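Me: I would like to go through this model and ask what stands behind the terms used for it.

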Amino acid sequence: MDFALSEEQLELKQAARDWLADRFPLDRDWESTEDRWAELAELGWLDVAEAGLGFVEEALLLEELGYACYPGPYIATVGFALPWLSAEQRARVGAGEERWSVDVDGVPWLGSVDFVVSDGGTAYPARGQEVASVDPSRPMGRLEKADGEPLAGNRNLPRARTASAAEALGVAQRALDLGIEHAKTRLQFGKPIGTYQAVSHPLAQTYTDVELARSLVYWAAWCVAEGDERAPIAAAAATAFATEAAVAACERSIQAHGGIGFTWEHPLHRFYKRALWLEGFGARPAELRLEVANALLE
Amino acid sequence: MDLRDTPAEAEFREELRAWIDANLPAEKRGGRGGAQRFEDPFVREWSRKLYEAGYAGLTWPKEYGGAGAPYSFQAILYEELAAAQAAAHVGVIGLGMAGPTIIAHGTEEQKARYLRPILAADEIWCQGFSEPDAGSDLAAVRTRAERRGDVYAVNGQKVWSSFAHIADFCILVARSDPGAPRYRNLTYLIVDMHASGVEVRPLRQLTGEAEFNEIFFSDVEVPVENRLGDEGEGWQVAMTTLLHERATLGFAFTATLDATVGRLLEEARERELGPRLREAVAREWIELQALRYTNYRALGAYERTGVPGPEGSAVKLRWSEANQRLTKLARELLGPEGILDDGWWNHQQLRSRGNTIEAGTSEVLRNIIAERVLGLPRSR
C-alpha cells in the first residue's frame with residue numbers, strides 16, 4: 001500500500017494552487033461572476049481524462065478550487081454532472097462550451113450553467129426561476145422542465161459526494177491558514193494572540209479535523225477512481241466528516257479573527273458560506289451517517 | 001497512490017492470518033487490556049511465539065534479530081492482530097521505545113546485549129521519564145545521576161511507569177549536571193531493575209488496577225557503559241524515544257480502537273437502535289477510518305523520510321478522545337445493563353480517562369501542533 005500523492009499529483013496540486021492564487025486572490029472583486037471558464041478548458045481541468053488523469057486528480061483540483069473559493073460551476077459540471085454525459089457532451093464540456101449541474105432535492109444549481117440533469121437522467125436547458133443560495137456564487141432555482149432529453153450516462157453518487165468533500169477540505173484548509181496567519185500577526189496585550197492557548201488550541205483542533213478529513217477524502221477519491229466496492233461508504237463518510245469540518249474550521253477561524261472576522265470586508269464569510277452550501281447540498285451529514293450505519297449494522 | 005496491498009504485502013498478510021488462526025486460541029481473544037497485559041502468563045508465551053515466528057521487531061535490522069521489513073508490514077501486523085483481538089507483545093516499551101532508541105544511539109555492545117532479548121520477551125523494559133514534579137515538563141526531572149568514577153549514582157523517584165514491577169531494565173532520564181542549562185543537563189541511562197537500591201511500588205489507578213508503578217532509586221549504581229548518548233545529551237536522546245513512541249503508536253492506538261469499534265458494532269447489531277444511536281455509532285466508525293488512513297499517509301511520509309511526521313500528534317489526540325466517546329456510547333447502548341456491567345465496557349470507560357493524559361496530555365499535544373506544526377508563537 002502506498003497512500004501518498006505521486007510527484008505528478010503534487011505538482012498538479014501546486015500548479016492549481018498558484019494559478020488560482022493569481023486569478024482569484026483574496027482581495028479580488030467578490031461580486032464579480034468572472035470564472036475564467038475558457039482558461040480552465042485550456043488548462044485541461046474540464047477533461048482530465050484527455051491527459052490520462054482520473055478522479056483522484058479531479059479531487060485534488062476540487063480541493064484547490066475550494067481553497068480559492070472559486071466562483072464558477074466546476075464542481076457542478078465536472079464533480080456532479082460528468083458521469084451522466086455522452087462522449088460528445090464530455091468533449092463539449094472539455095472545450096469549455098457547456099456547463100452543467102444536477103437537480104438535487106428539486107432545487108438545482110441553476111444560474112451560471114447551461115444544462116441541468118434531473119428526473120433520473122434527463123437533461124433540461126437551465127431555465128427557470130433563480131433563487132439565491134447561502135453561497136451567492138451558487139445561484140439555485142426552480143427548474144422549468146421543458147425540452148428534456150435523455151442522457152447516455154449514469155448517476156455516480158459516491159463520486160459527486162466525494163467532489164463536495166474535496167472542495168470542503170480545501171475550504172477547511174484555507175480557513176485554518178487564515179486563522180493561523182491572523183494569530184501570528186495580530187497583537188494584543190503586547191503579544192501575538194497565537195501565544196494564548198485559548199486561541200491556539202482551537203486552531204490545533206481544526207488542524208486535526210483537516211488532516212483527518214484529508215485522509216477520508218483521498219481514501220474516498222481513490223475508491224471512486226478504482227471502482228472499489230467501498231466507494232459508497234467511503235464517500236458518505238468523507239462527505240459527512242469533511243463538510244462538517246469545513247463549517248467548524250470557518251467558525252473557529254472567525255472566532256480567532258475577532259471583530260475583523262465578523263465584517264463583510266474580510267473574505268472569511270465567503271468561505272463560511274461555501275462551507276455551509278457544501279454541508280447543505282444533497283444529503284446532510286446526519287443523513288450520511290445514517291447511511292453509513294445502515295451499511296454497518298445490516 | 002495505491003491502497004491495495006502489494007503482492008509482497010498480500011502474501012505477508014495471508015501468512016500472518018493463517019499463523020494467528022493456528023496459534024491464538026479463541027478464549028485468548030478479546031482481552032480487555034489494562035493489567036491483563038502482564039497478569040495473564042499467556043501474554044508472555046504469545047509474545048515469544050510472535051518472536052519465534054519472526055513477527056517481533058519486524059522493522060528492526062536483521063543483525064539485531066529483526067526482519068528488516070518495511071513499515072507497511074508493521075502496519076499490517078497491527079491490523080491483523082487487532083482483527084483477531086489478539087494481545088499485543090508484552091515488550092511494549094522495549095519494542096516501541098527502548099529498542100529504537102538503542103538502535104539510534106546505542107553502542108554496538110549495547111545493541112548486541114539488549115535488542116534480541118526485547119524481541120524474545122526474555123527481558124521486559126519500563127520507562128523512567130515522568131516524575132511527581134515533571135509530567136508534561138519532562139526537562140524538569142529531578143532524579144540525579146551523579147558520576148562517581150565508573151558509575152553513575154542514581155537517586156530519585158519516577159512515576160507512571162508501566163511494567164516496572166516485572167521489568168528487567170528501565171530507560172531513565174536523570175539530571176547529571178545541576179549547573180548546566182536546561183536541555184543540556186540530562187543523561188539517558190539503562191538501569192538494571194534488579195540492582196540494589198531499586199524499589200518498585202504499584203500505583204493503583206482509578207480503575208482499581210495497578211498498571212503503573214512508582215520507582216524509587218536510592219544510590220543505585222549504574223555502570224557508565226549503560227549510558228545512551230553522551231553525558232548531558234539525555235534530552236536529545238529522549239526526543240528520539242518520544243518520536244518513535246508517536247511514529248509507531250499511531251497504528252497501535254488505531255488497532256485497539258479498531259477492536260473496540262468492532263465490539264461496539266456487535267453490541268449495536270444485537271439491539272434495535274433509534275437513529276440517534278445509529279448515527280453516533282457511524283460517527284465513531286468514520287473517525288476510526290479517518291485515523292486509519294491518516295496513519296497510512298503518515299506511514300508514506302515516514303518511509304520516505306525516516307522521520308515521523310506531525311500527523312502522529314493529531315492521531316494520538318483524536319484517538320484518545322474517540323476512545324473516550326465510544327466507551328461512553330457503548331454503555332449507553334447497553335441501557336440499564338450499563339451500570340451493572342463491571343466487565344469489559346465499564347473497565348474501558350474508566351481506563352479511557354487515562355488516554356488523554358498518558359503519552360502526552362491533550363493539552364501538550366495541542367501545544368505541539370500549534371507551535372511545531374502550525375508555527376504559532378510559543379505559549380511559554
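**Terms and values**

Reply: The rule finds five salt bridges across the interface of chain A and chain B. This is a predicted model, in which local features need pLDDT of at least 70 and side-chain atom pairs count only at pLDDT 80 or more, while totals for chains, interfaces and linings use all residues. Residues are numbered from 1 along each chain as its sequence is written, and side-chain values use heavy atoms, with hydrogens and water left out.

Me: Why is the pair D209(A) and R318(B) called a salt bridge?

Reply: A salt bridge needs a side-chain nitrogen of Lys or Arg within 4 Å of a carboxyl oxygen of Asp or Glu. The side chains of D209(A) and R318(B) meet at 2.5 Å, N to O, so the pair fits the rule.

Me: Which element gives the largest share of the side of chain A that touches chain B?

Reply: That is α7(A), with 18 residues. Helices here are DSSP runs of H or I, at least four residues long.

Me: How do you know that α9(A) is largely enclosed by the rest of the structure?

Reply: Buried means under 20% relative accessible area, with a 1.4 Å probe and protein chains only. Of the 13 residues of α9(A), 10 are buried, so the helix is largely enclosed. Among them are F271(A), W277(A) and L278(A).

Me: What makes the span of helix α9 of chain A agree with expectation?

Reply: The expected span is 1.5 Å times one less than the number of residues. For the 13 residues of α9 (residues 268–280) that should be 18 Å, and the end C-alpha atoms are 18 Å apart, which agrees.

Definitions and conventions. Chains lettered and ligands numbered in written order. Helix = DSSP H or I, 4+ residues; strand = E, 2+ residues; numbered from the N terminus. Buried < 20%, exposed > 50% of the residue type's maximum accessible area, 1.4 Å probe, protein only.
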